[in-house]
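I wanted to know how the chains meet and how some of the helices pack. These are my notes from going through the structure.

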Amino acid sequence: MDKKSSLKEKESVVIKFAGDSGDGMQLAGTLFSDTAAVLGNDLFTFPDYPAEIRAPHNTLAGVSGFQVQIGSEKIFSSGDLCDVLVAMNPASLKTNLKWVKPGGTIIVDSDAFTEKAFEKSGYHSNPLSDGSLDVYKLIRAPITTMTRESLSHMNNVTARAADRSRNMFALGIITFLFNQNIEATFKFLEGKFSSKPLVLEINKTLLAAGYNFADTIEAVESTYKVPKATLKRGIYRNISGNVATAWGLMAAAERSGRPLFLGSYPITPATEILIEITKHKALGAKVFQAEDEIAGICSAIGASYTGSLAVTTTSGPGLSLKSEAIGLAVMTELPLVIVNVQRAGPSTGMPTKSEQSDLLQALWGRNGECPAIVMAASTPANCFYYAYEAAKLSMEHMTPVILLTDGYLGNGSELFRIPRVSDLPEIKPPIASANDKSYKPYKRHPETLVRQWALPGTEGLRHRIGGLEKTDISGTVSTDPLNHQIMVQIREAKVKKVADIIPLQKIEGEKSGDLLVVSWGGTEGSIRTAIREMQKDGKKIGHAHFNHIMPLPRNTGEILNSYKKIIVCELNNGQFLKYLRTEFPEIKYLQYNKIQGLPFFTGELVDKFNQLIEEKQS
Amino acid sequence: MITNRIVTSEKSLTKEDFESDQMVKWCPGCGAHAILKSVENVFPEIGYKKENFMFVSGIGCSSRFPYYVNTYGFHGIHGRAAAIATGVKLSNPGLSVWIATGDGDSMAIGGNHFIHIIRRNLDVNIILFNNQIYGLTKGQYSPTTPIGGITRTSPHGTVEHPFVTAGLVMGSQGTFFARVLDTNIKMMNEVMFEAARHDGTSVIEILQNCIIFADKTHAKVTEKEVRDDFQLHLRHGERMLYGKNMEKGIQLKGTKLQGVTVGLNGVEMEDILIHDQYEKNPGLHRMLGKMGPPDLPVALGVIRSAEFETYDDMVEIQIESAREQSEIKCMDDLLKSGETFEVK
């Protein structure tokens with residue numbers, strides 16, 4: 001225990017690591033988070049990096065950040081403003097200062113604040129000495145110098161290699177500041193660099209050096225302790241939304257007995273799913289990195305016809321390219337999971353920034369009457385369960401499912417309580433039996449309207465299907481007018497009937513009353529945090545967060561009719577709102593929209609909701 | 001072949017096993033009818049169970065094919081047959097996968113998938129109906145329409161340089177390329193059989209007549225008066241001879257192929273090239289594939305059949321070796337792997 005500084009206990013803290021995109025901020029942040037998890041904190045992380053891999057050194061465009069909130073209670077988001085900012089250069093200070101709480105701690109590498117560097121980031125004077133940081137607790141650490149000195153005994157380390165490891169010195173300071181157990185971080189490093197003894201030694205040396213530096217100097221007024229969170233019993237791990245999506249799909253493949261096939265083309269921020277599944281060929285996953293987005297989905301459709309759990313993963317522009325093929329999967333009534341990790345659009349938009357603006361495209365962005373199931377995950381960890389459910393619904397109902405996540409969920413991470421695969425719901429695809437004389441390609445289950453899956457290679461089931469309209473039951477090509485109307489209605493009804501089996505919509509907070517907040521997808525954490533804060537103040541408010549969108553849960557209308565005011569909050573220009581207006585036109589809706597490539601902040605939501613509650617009272 | 005996946009049919013099959021009950025709706029006189037006949041002739045001979053054949057197509061006259069043959073079949077969307085077939089073959093490598101496609105479907109809208117399936121050498125068979133026209137949309141020029149060709153979208157003649165299918169296939173590192181006329185059923189049968197037996201992407205280009213929108217489009221090669229001088233029927237191990245009395249041959253002079261007459265200008269039989277379809281180096285195959293009037297005959301038959309590893313085999317081998325090496329055998333293992341901690 002540190003003797004000079006006082007120890008303060010905190011329920012939660014937000015820390016941001018920021019530096020040049022080559023400064024290793026993502027690694028420092030990840031190590032800090034993993035250590036916090038092992039030590040029993042709940043957490044939520046969000047990496048915020050530029051689209052450029054290595055933008056010019058010391059420029060604002062090149063700043064890469066990693067934000068994490070750790071807590072002793074359930075943490076729902078990566079937090080709005082940070083308690084501690086680590087800024088490795090002037091540019092990262094300049095870009096992130098607005099996200100630091102007044103009175104918060106800023107740790108800088110003072111060596112990096114040369115005249116040239118601060119001018120390059122648009123400062124006219126040195127922010128470390130011009131008084132502009134007086135409202136913060138500033139810790140000036142000559143990180144570059146000390147990093148080099150700490151490694152000077154190692155002859156085989158160049159200054160360049162040393163500079164690249166400055167992140168570990170900075171992490172050492174943070175480790176001390178938050179009273180983390182340095183041995184736990186050592187263990188992660190040992191796991192990560194087991195095959196690179198020199199790198200491991202450098203990192204451990206610097207981590208310890210940073211820790212000891214913080215312990216020695218007088219600059220640290222107080223250190224903090226975030227007590228252990230009270231988590232449900234079980235085994236946990238820190239997981240990102242993209243990895244959770246990949247694992248959910250892989251679990252569904254195992255549980256259903258259908259091999260996993262992924263046909264995808266690299267696209268930010270969805271690529272991590274492709275990378276993750278490719279790692280696990282040992283579990284039988286077949287991954288096809290296609291020549292383009294269209295080949296990605298078309299290969300998946302071919303694999304689906306042949307009996308695989310077929311998946312394609314993409315982001316907005318890729319979903320546009322896949323539209324025609326989604327129609328083919330709708331027409332052929334084949335299982336297919338399309339994961340769209342949304343990003344800010346339109347067109348190329350802001351690839352590394354998050355948004356919820358592909359909802360209407362997912363619902364309606366295809367030629368013809370073309371219904372598909374649409375669902376959305378809402379936290380990094382529940383991407384696992386929604387990916388699993390998307391696969392289950394897709395196979396059991398013989399229909400494409402579009403699963404919407406977003407960059408914030410995909411790249412963000414939180415603690416995940418590990419399930420046992422045998423505890424997950426069963427998946428029973430309607431596979432046709434060999435030599436079934438009664439098999440007809442478009443003969444359906446009388447209640448679910450689901451057709452059977454007849455796999456090539458099976459005796460006695462040879463048949464042809466395709467994108468042309470089908471005759472009801474027989475599946476032969478047809479242009480008969482009445483048949484077309486019937487088939488359009490059947491396809492629609494088949495998807496709508498899924499509402500019979502998906503769970504009812506839940507309400508957090510008041511079940512009826514003055515104000516209902518409606519949201520969907522990746523905003524759950526930030527909105528939930530705001531609602532909790534208001535509930536602590538005794539405010540009466542309800543929150544309905546939707547994960548099932550097409551079809552909507554069957555109690556949706558009932559819920560919407562139970563409140564005087566409804567506000568729909570989205571990170572787009574009002575797409576779910578438009579959908580609800582179509583489905584429930586009798587209801588009056590208010591809206592709150594943010595389209596900045598940023599998540600909602602608790603503060604802005606609380607202000608808005610309070611204003612609505614007060615309006616009623618006045 | 002690394003793994004022999006042919007499952008021999010228990011009872012011998014006949015062409016009736018592959019006849020569909022659907023009405024064939026191609027125009028009377030269309031070259032596509034002959035291709036259908038050839039498939040029905042050859043499929044019983046290939047050695048697969050009838051349930052292990054699969055046809056995939058895109059859009060166009062050619063792409064109605066799956067409806068007319070009794071196999072598993074998938075009629076896709078325009079240009080995407082190769083991509084769909086990739087998923088089919090990877091998902092079930094035990095299938096004999098056939099693609100029916102056209103010049104527009106594969107070399108215009110589907111050009112990207114066409115070159116990449118060939119580059120990967122996926123073990124599928126592509127029957128490419130090249131009638132040098134868009135038939136189903138009623139007569140617009142295609143990427144293989146000869147320059148100057150008059151069509152409904154080129155009333156003054158096209159000003160586009162056409163693809164030579166063989167050039168595109170070889171340029172994409174194709175391992176099997178054959179070319180046949182829609183009127184030569186015997187050669188078509190032979191080529192289909194060889195394509196089926198080839199491990200890798202087999203492209204069979206069929207010079208097909210569209211009686212409605214591009215009648216006699218291949219006339220420079222097929223008409224009675226010219227066919228002897230402009231058709232070279234290649235056979236592995238035999239000299240490249242053509243002409244009414246097989247008096248002409250192909251000679252390599254410098255870096256170019258030339259049509260010469262044996263016995264004239266000092267040309268002797270030994271000067272005429274011998275066809276080696278199995279040669280891995282594609283140089284000569286590329287030149288043979290690009291031959292054509294007015295200087296040279298069109299090469300017909302199997303031009304190239306070179307053995308390289310197939311994509312589907314490599315995928316399977318990689319999965320097998322990953323399985324053997326990994327300690328993670330199921331999802332429960334994976335979920336518990338790496339950094340976890342327990343809350344008691």
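The entries below cover the contact between the chains, then two helix pairs.

**Entry 1: the model.** I noted before anything else that this is a predicted model.

**Entry 2: chain A against chain B.** I looked up the contact between the two chains and found 59 residues of chain A in contact with 50 residues of chain B. Next I asked which elements of chain A each supply at least two residues of the side that touches chain B. The helices are H1 (25-38), H9 (241-256), H11 (293-305) and H12 (316-332) of chain A. The strands are S9 (234-240), S10 (260-264), S11 (286-289) and S17 (464-466) of chain A. H11(A) gives the most, with nine residues. I then sorted this side of chain A by class and got 30 nonpolar, 15 polar and 14 charged residues.

**Entry 3: a strand pair across the chains.** I checked S9(A) and found that it pairs with strand S12 (residues 341-343) of chain B. The sense is antiparallel, and there are three bridges. In this pair, Ile235(A) stands opposite Glu342(B).

**Entry 4: H11(A) and H2(B).** Since H11(A) gives the most to its side of the contact, I looked at how it lies against helix H2 (residues 81-91) of chain B. Their axes come within 6 Å and cross at roughly 45 degrees. That angle is neither under 35 degrees nor in the 65 to 115 range, so H11(A) counts as oblique to H2(B). The crossing is right-handed. On the H11(A) side, the residues that meet H2(B) include Ile294(A), Cys298(A), Ile301(A) and Tyr305(A). Among their partners in H2(B) are Ala83(B), Ile84(B), Val88(B) and Leu90(B). Which classes make up this contact? I listed 12 nonpolar, five polar and no charged residues.

**Entry 5: H1(B) and H6(B).** I turned to a pair inside chain B, helix H1 (residues 32-46) and helix H6 (residues 185-197). They pack at an angle of about 45 degrees, with their axes 9 Å apart. This makes H1(B) oblique to H6(B). I recorded a right-handed crossing here. H1(B) brings residues including Ala34(B), Lys37(B), Val42(B), Glu45(B) and Ile46(B). H6(B) meets them with residues that include Ile185(B), Met188(B), Met192(B) and Phe193(B). The contact divides into nine nonpolar, three polar and two charged residues.

Definitions and conventions: Residues numbered from 1 in each chain as written. Chains lettered and ligands numbered in written order. Predicted model: local features only at pLDDT ≥ 70, side-chain atom pairs only at ≥ 80, totals over all residues. Axes fitted to C-alpha atoms, helices over the stretch in contact; angles between N-to-C directions. Helix = DSSP H or I, 4+ residues; strand = E, 2+ residues; numbered from the N terminus. Parallel < 35°, antiparallel > 145°, perpendicular 65-115°, else oblique. Left-handed = near helix turned anticlockwise from the far one by under 90°. Contact = placed C-beta atoms within 7 Å. Nonpolar A, V, L, I, M, F, W, Y, C, P; charged D, E, K, R; others polar. Pairing = 2+ DSSP bridges.
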